[in-house]
Amino acid sequence: MAKCAHCGATILFGGTPYGNAVFCNDKCLHQGVYAREAQHVPEEMVDDLVRQIHEGECPVCGGPGPIDFHFSHRVMSFLVVTQYQTNPRISCRGCGSSAKIKDFFVTTFVGWWGIPFGVILTPIYMIRNLFGLAAPSSLEPSEHLREHAKLILAHHLLTQPAEEKTLPEETY
């Protein structure tokens, strides 16, 4: 059995080979290639793009920044089926807070109805949203935003002809 070179999942059958590595599927292959290329992106390019995103307009509401990653958490359950997820969003603090409040109420009303995971996960995800709302806003870009900028630049550099490699205009 092989392990995916990007996500580390065990590959029982098949996989997508690329050089000496094996990936789960084409999606993991592309993400792995971009992640590898992101390690070689010049830091000054990353700093410029992070500053451009962080100081730009919110892609959700069009309002002023600072723009950063915000995470909301949701649980939905019905009898023996429970779906839980963390939703990342690049936005201003107001739009990030709106997503947390929405997911808090969705979790409050439809998270409890699954046994056993809905009953266990619902209070945990509700608390995660409340802590996210109460956390002070940072004026500095997060490490998540920096990693996202690296992946944008890696994608841009891999898909652009060599003689045209410049900073992308639209970033997210």
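**A strand hairpin and its surroundings in a predicted model**

Strand E5 (residues 68–78) and strand E6 (residues 81–91) pair in the antiparallel sense, and 11 bridges join them. The structure described here is a predicted model. Two residues separate E5 from E6, and the two strands form a hairpin. Close to the turn, Phe-78 has Val-81 of E6 as its bridge partner, and Ser-77 stands opposite Thr-82 in E6. Strand E5 is mostly covered, with eight of its 11 residues buried.

The turn of this hairpin contains Leu-79, a residue in the loop between E5 and E6. Leu-79 is not a glycine, yet its phi is positive, at about 55 degrees. Most residues other than glycine have a negative phi, and most peptide bonds are trans. The relative accessible area of Leu-79 is 54%, and this residue is therefore classed as exposed, the cut-off being over 50%.

Two peptide bonds in the model are described here as cis. One of them runs from Gly-65 to Pro-66 and has an omega near 10 degrees. Pro-66 belongs to the loop between H2 and E5. Another cis peptide bond, from Ile-115 to Pro-116, has an omega near 5 degrees. In this case the proline, Pro-116, is found in the loop between H3 and H4.

The hairpin is part of a protein with five helices and six strands. Read from the N terminus on, the order of the elements is β-β-β-β-α-α-β-β-α-α-α. Along the principal axes, the C-alpha atoms of the protein fill a box of roughly 55 × 50 × 20 Å. The protein has 172 residues, and buried residues make up 35% of them.

In soluble globular proteins, nonpolar side chains tend to be buried together. In this model, the largest nonpolar core has 19 residues. The members that touch the most other members are Val-41, Val-46, Leu-49, Ile-53, Ile-67 and Leu-153. Helix H2 (43–54) and helix H5 (143–159) each supply at least two residues of this core. The largest share, six residues, comes from H5.

The search for empty space was directed at pockets. Rolling a probe the size of a water molecule over the atoms shows where empty space is left. The largest pocket in the model has a volume of about 380 Å³. Its lining consists of 23 residues, and those nearest the centre of the pocket are Phe-69, His-70, Arg-93, Pro-136 and Ser-138. Two or more lining residues are given by each of E5, helix H3 (93–110) and helix H4 (117–134). Strand E5 provides the largest share of the lining, five residues. Strand E5 thus takes part both in the hairpin with E6 and in the lining of the largest pocket. Sorted by class, the lining has nine nonpolar, nine polar and five charged residues.

The cysteines were examined for cross-links. A disulfide is a covalent bond between the sulfur atoms of two cysteines. A search of the whole structure finds zero disulfides. Cys-24 is in no disulfide, and its nearest cysteine sulfur, that of Cys-7, is 3.4 Å away. A pair of cysteine sulfur atoms has to lie within 2.5 Å to count as a disulfide, so the separation of 3.4 Å does not qualify. Cys-24 has a relative accessible area of 29% and is partly exposed.

Cys-95 is likewise in no disulfide. The nearest cysteine sulfur to that of Cys-95 belongs to Cys-61 and is 3.6 Å away. Cys-95 is found in helix H3. With a relative accessible area of 12%, Cys-95 is buried, because the cut-off for that class is under 20%. Along the chain, Cys-95 and Glu-43 are 52 residues apart, and their C-alpha atoms are separated by 29 Å.

Methods: Residues numbered from 1 in each chain as written. Predicted model: local features only at pLDDT ≥ 70, side-chain atom pairs only at ≥ 80, totals over all residues. Heavy atoms only, no water. Pairing = 2+ DSSP bridges. Helix = DSSP H or I, 4+ residues; strand = E, 2+ residues; numbered from the N terminus. Buried < 20%, exposed > 50% of the residue type's maximum accessible area, 1.4 Å probe, protein only. 1 Å grid on protein atoms, 1.4 Å probe; cavity = no way out; pocket = protein on both sides within 12 Å on 5 of 7 lines; lining within 4 Å. Points joined across faces, edges and corners; volume = space filled by probe spheres on them. Nonpolar A, V, L, I, M, F, W, Y, C, P; charged D, E, K, R; others polar. Core = buried A, V, L, I, M, F, W, Y, C linked by side-chain atoms within 4.5 Å.
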